[in-house]
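User: I would like to learn how to read the features of a protein model. Could you guide me through some of them?

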Amino acid sequence: MDSHPPANSGILHKSIYYSLEYIDIILGLTFSIVAFFTYNSNILISVFSSAVAIGAFSMTVAEIADILADRLEEPYASFVLTFSAVVVEILLLYMIVANAADSNQGLETVKGGIISAVIVDMNVLLGLAVFIGGLRFKEQEHNEDTSSTYTTILLVASSALLVPSIINYTSNKEKLFEASIMIAIILMVFYVFIFIFQTKTHEHFFKATAKSRMFKLKHKHKVEHDDYIFERLPNIANFIAIFVLLIIIGFLAEMFAHHGMYLAKEYNISFGLAGLIIAIISVSPEVITAIKAAKDDEIQRVVNIAMGASTVSIMLTVPILMLLAYANGIMLTLDFNAFQVGALILTVILAWKTTDNGETNYFEGISHLMFFAAYATIATLYH
């Protein structure tokens, strides 16, 4: 009796493997088609489908960026991951601005999206990764100079956003817009110095320490899948693939924003919750990348992604969105409400306390997740 399995079973297993390997692309294409064909007939399905498609293609972007990051050294590896995610965030928020130029709720949703992106990065991304990594390895080591530098940067940036918010209570809209422009310029200039600090003068602040590298190598169980098409492509081809995917995401973002704001008004969704939904869509691929890194004991990459993305979200997203809005005749001001700025500053303080000693554990991850749960509760009810 022949005990060997049939030859076609290997083909079946390989087919299932490839289906799972490319599930994000399959989902992205499927839901893109659904969103397109229901655009004028069923806006609820269209909005939902475009959101899922954006998330799926963003996952592909994150996977390609992760491959590029593996080929680069820190801090450049994390730059690829954070910038690819922030571009998705900018596309989504800009489309909201463009489709809600005359709507105060639309502009408030954009502001909520900016703050929520940082809240999600620093609490959901960092919290989940630290929690899962802590359960697997008990304690994980990272370069304490990384978190110390980033929390200082984020505290300064968060404080800067207080300026337009305070002026909003004492001056007219024209003065508020002028103050917003000045703060946006200051943030951009500050980022130039940060970039030089990260890439030229103090690169070692953003790399794993010798101790954490040894700890990582001791427990590393990472498996490379060389059959994945993007693993076989050269760097330039992968960068082109990311660019093409971002164009597709841009079209989907326009579809999502066009009807999304109408649905938000129709169902009386608070601008806080709407901004939070946008943030989760744009940040979710980064979250999965960070969880994978934590499970491979690469907590240094987790810290770089979470705090690096938050830094870029404030210092580049804000000026770029203001510029794009102004080019379309829209005065986007930075008068965030007390709840948003307060949550942002408290998030930075919490991140400082949980990462300042260069070690993380699952309890610190839980602390961030509980903070996010409280934020999401208020954001859902805050009108």
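Analyst: The following dialogue treats helices, their packing, burial and backbone angles in turn. Please keep in mind that this is a predicted model.

User: Let us begin with a single helix. What distance does helix H5 reach from its first C-alpha to its last?

Analyst: One compares the actual reach of a helix with the span expected at 1.5 Å a residue. Helix H5 covers residues 104-137, which is 34 residues. From its first C-alpha to its last, H5 reaches 47 Å, close to the expected 50 Å. There is also a bend in H5, of about 30°, at Val 120.

User: How do helices H8 and H3 fare when the 29 residues of H8 and the 29 residues of H3 are treated in this way?

Analyst: For H8, the expected span is 42 Å and the end C-alpha atoms lie 41 Å apart, which agrees. For H3, the expected span is 42 Å and the end C-alpha atoms are also 42 Å apart, which agrees as well.

User: I should next like to understand burial. How many of the 34 residues of H5 are buried?

Analyst: A residue counts as buried when its relative accessible area is under 20%, and as exposed when the value is over 50%, with partly exposed in between. In H5, 27 of the 34 residues are buried, so H5 is largely enclosed by the rest of the structure. Helix H3 is likewise largely enclosed, because 21 of its 29 residues are buried.

User: Which residues of H8 are buried?

Analyst: It helps to recall the geometry of a helix first. An α-helix has 3.6 residues a turn, so residues three or four places apart point the same way. The buried residues of H8 include Leu 176, Phe 177, Ala 179, Ser 180, Ile 183, Ala 184 and Leu 187. Tyr 191, Ile 194, Gln 198 and Thr 199 are also among them. Val 189 belongs to H8 too, but it counts as partly exposed, at 41% relative accessibility.

User: Are single residues of H5 to be read in this way too, and is Gly 133 buried or exposed?

Analyst: The reading is done residue by residue. Gly 133, in helix H5, is buried, with a relative accessible area of 0%. Phe 131 is also in H5, and at 22% relative accessibility it counts as partly exposed.

User: How does one describe two helices that pack against each other?

Analyst: Two packed helices are described by the angle between their axes and the distance between the axes. H5 and helix H12, which is residues 271-295, pack at an angle of about 25°, with axes 6 Å apart. That angle makes H5 roughly parallel to H12. Their crossing is right-handed. The residues of this contact divide into 19 nonpolar, eight polar and five charged.

User: At what angle do helix H3 and H12 pack?

Analyst: Helix H3, residues 43-71, packs with H12 at an angle of about 40°, and their axes are 8 Å apart. H3 is therefore oblique to H12. H3 passes H12 in a right-handed crossing.

User: What is the handedness of the crossing of H6 and H13?

Analyst: The crossing of H6 and H13 is left-handed. Helix H6 comprises residues 144-160, and it packs with H13 at an angle of about 20°, with the axes 10 Å apart. H6 and H13 are therefore roughly parallel to each other.

User: How is one to read residues that are far apart along the chain?

Analyst: One sets the separation in sequence beside the separation in space. Gly 133 and Ala 293 are 160 residues apart along the chain, and their C-alpha atoms are separated by 8.6 Å. Phe 131 and Thr 360 are 229 residues apart in sequence and 8.6 Å apart in space, C-alpha to C-alpha. For Val 189 and Met 315, the values are 126 residues along the chain and 8.8 Å between C-alpha atoms.

User: Finally, what should I look for in the backbone angle phi?

Analyst: Most residues other than glycine have a negative phi, and most peptide bonds are trans. Lys 138, just after H5, takes a positive phi of about 70°, although it is not a glycine. Lys 138 lies in the loop between H5 and strand E1 and counts as exposed, at 66% relative accessibility.

User: What is the phi of Asp 297 near, and where is the place of Asp 297?

Analyst: Phi of Asp 297 is near 65°, a positive value in a residue other than glycine. Asp 297 is placed in the loop between H12 and helix H13. Asp 297 is buried, with a relative accessible area of 3%.

Note on methods
Residues are numbered from 1 along each chain as its sequence is written. This is a predicted model: local features need pLDDT of at least 70, side-chain atom pairs count only at pLDDT 80 or more; totals for chains, interfaces and linings use all residues. Side-chain values use heavy atoms; hydrogens and water are left out. Helices (H or I, at least four residues) and strands (E, at least two) are DSSP runs, numbered from the N terminus. The expected span of a helix is 1.5 Å times one less than its number of residues. The bend at a residue is the angle between axes fitted to the seven residues ending there and the seven starting there. Buried means under 20% relative accessible area, exposed over 50%, partly exposed in between (1.4 Å probe, protein chains only). Axes are lines fitted to C-alpha atoms, for helices over the stretch in contact, and angles run from 0 to 180 degrees between N-to-C directions. Angles under 35 degrees count as roughly parallel, over 145 as roughly antiparallel, 65 to 115 as roughly perpendicular and the rest as oblique. A crossing is left-handed if the near helix is turned anticlockwise from the far one by less than a right angle, and right-handed if clockwise. Ala, Val, Leu, Ile, Met, Phe, Trp, Tyr, Cys and Pro count as nonpolar, Asp, Glu, Lys and Arg as charged, and the others, Gly among them, as polar.
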